[in-house]
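Let's take a walk through a small piece of protein architecture together. Have a look at the picture first, and then we'll go through it piece by piece.

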Amino acid sequence: MKSNDRRIGIIDLGSNSVRLVIYEIKVDGAFRLIDDISETVRLSEGMIEGKFINDVSMRKAIKTIKLFRNLCSAYR
């Protein structure tokens, strides 16, 4: 990675999975996929009264997002 290039991470939190993509963006606007990882969390499974995410699913989603945050830090 050149000094003027930058990296961005995008987290997509869906009802079934959490996905992280990390791209390197060049000064000229070109980009390159660095990493693409997905974890099944099933946020919508077992919802309380069909409106609220249950504790187990919420904890799994939070754990996954923290893992992704650490991965983003490692990639700078």
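## A busy residue and its surroundings

Leaving out neighbours within four places in sequence, Val18 is in contact with Ile11, Asp12, Leu13, Ile37, Ser38, Glu39, Val41, Thr64, Ile65 and Phe68; contact here means heavy atoms within 4.5 Å. Before going on, a word on what you're looking at: this is a predicted model, where local features need pLDDT of at least 70, side-chain atom pairs count only at pLDDT 80 or more, and totals for chains, interfaces and linings use all residues. Residues are numbered from 1 along each chain as its sequence is written, and side-chain values use heavy atoms, with hydrogens and water left out.

So where does Val18 sit, and is it buried or exposed? Val18 lies in strand 2. Strands (E, at least two residues) and helices (H or I, at least four) are DSSP runs, numbered from the N terminus. With a relative accessible area of 0%, Val18 is buried. The cut-offs are simple: buried means under 20% relative accessible area, exposed over 50%, and partly exposed in between, using a 1.4 Å probe and protein chains only.

## The strands

Strand 2 has partners on both counts we can check here. Strand 1 (residues 6-13) and strand 2 (residues 17-25) pair in the antiparallel sense over 8 bridges; two strands pair if DSSP finds at least two bridges between them. One bridge to look for links Asp12 to Arg19 in strand 2. The two strands form a hairpin, with 3 residues between them.

Strand 2 also runs antiparallel to strand 3, and 9 bridges join them. Here Leu20 has Ile37 in strand 3 as its bridge partner. Strand 2 and strand 3 make a hairpin too, with 5 residues between them, and Gly29 in the turn has a positive phi of about 95°.

As a rule of thumb, the side chains in a regular strand alternate between the two faces of the sheet. Keep Ile22 in view as well: not counting residues up to four places away in sequence, Ile22 touches Ile8, Gly9, Arg32, Leu33, Ile34, Asp35, Leu71, Cys72 and Tyr75.

## The helix

Now for helix 1. Its 21 residues should span 30 Å at 1.5 Å a residue, and the end C-alpha atoms are indeed 30 Å apart, so the two agree. (The expected span is 1.5 Å times one less than the number of residues.)

Which residues of helix 1 are buried? They are Ser57, Ala61, Thr64 and Phe68. These four cover an arc of only 65° around the axis, which means they are on the same side of helix 1; the arc is that of the directions from the helix axis to the C-beta atoms. The buried residues of helix 1 pack against strand 1, strand 2 and strand 3. Thr64 shows this nicely: its relative accessibility is 6%, so Thr64 counts as buried, and it touches Val18, Glu39 and Val41, not counting residues up to four places away in sequence.

Turn to the face pointing away from the buried side, and you'll find exposed residues, including Asp55, Arg59 and Lys63. At the start of helix 1, a side-chain oxygen of Asn54 reaches to within 3.0 Å of the backbone nitrogen of Val56.

## The core

What makes up the largest nonpolar core? It has 7 residues in all: Val18, Leu20, Ile22, Val41, Leu43, Ala61 and Phe68. A nonpolar core is a set of buried Ala, Val, Leu, Ile, Met, Phe, Trp, Tyr and Cys residues joined through side-chain atoms within 4.5 Å. Strand 2 and helix 1 are the elements that give two or more residues to this core, and the largest share, 3 residues, comes from strand 2.

## Out in the open

Finally, here are some exposed residues to find in the picture.

| Residue | Place | Relative accessibility |
|---|---|---|
| Gly46 | loop between strand 3 (31-40) and helix 1 (55-75) | 51% |
| Glu49 | loop between strand 3 and helix 1 | 67% |
| Arg76 | segment after helix 1 | 71% |

Glu49 has a positive phi, near 55°, and is a residue other than glycine. Arg76 is not a glycine either, yet its phi is positive at about 65°. As for Gly46, its C-alpha is 9.3 Å from that of Val56, and the two are 10 residues apart in sequence.

Methods: Polar contact = N/O pair within 3.5 Å; in protein donor to acceptor, adjacent residues only side chain to side chain.
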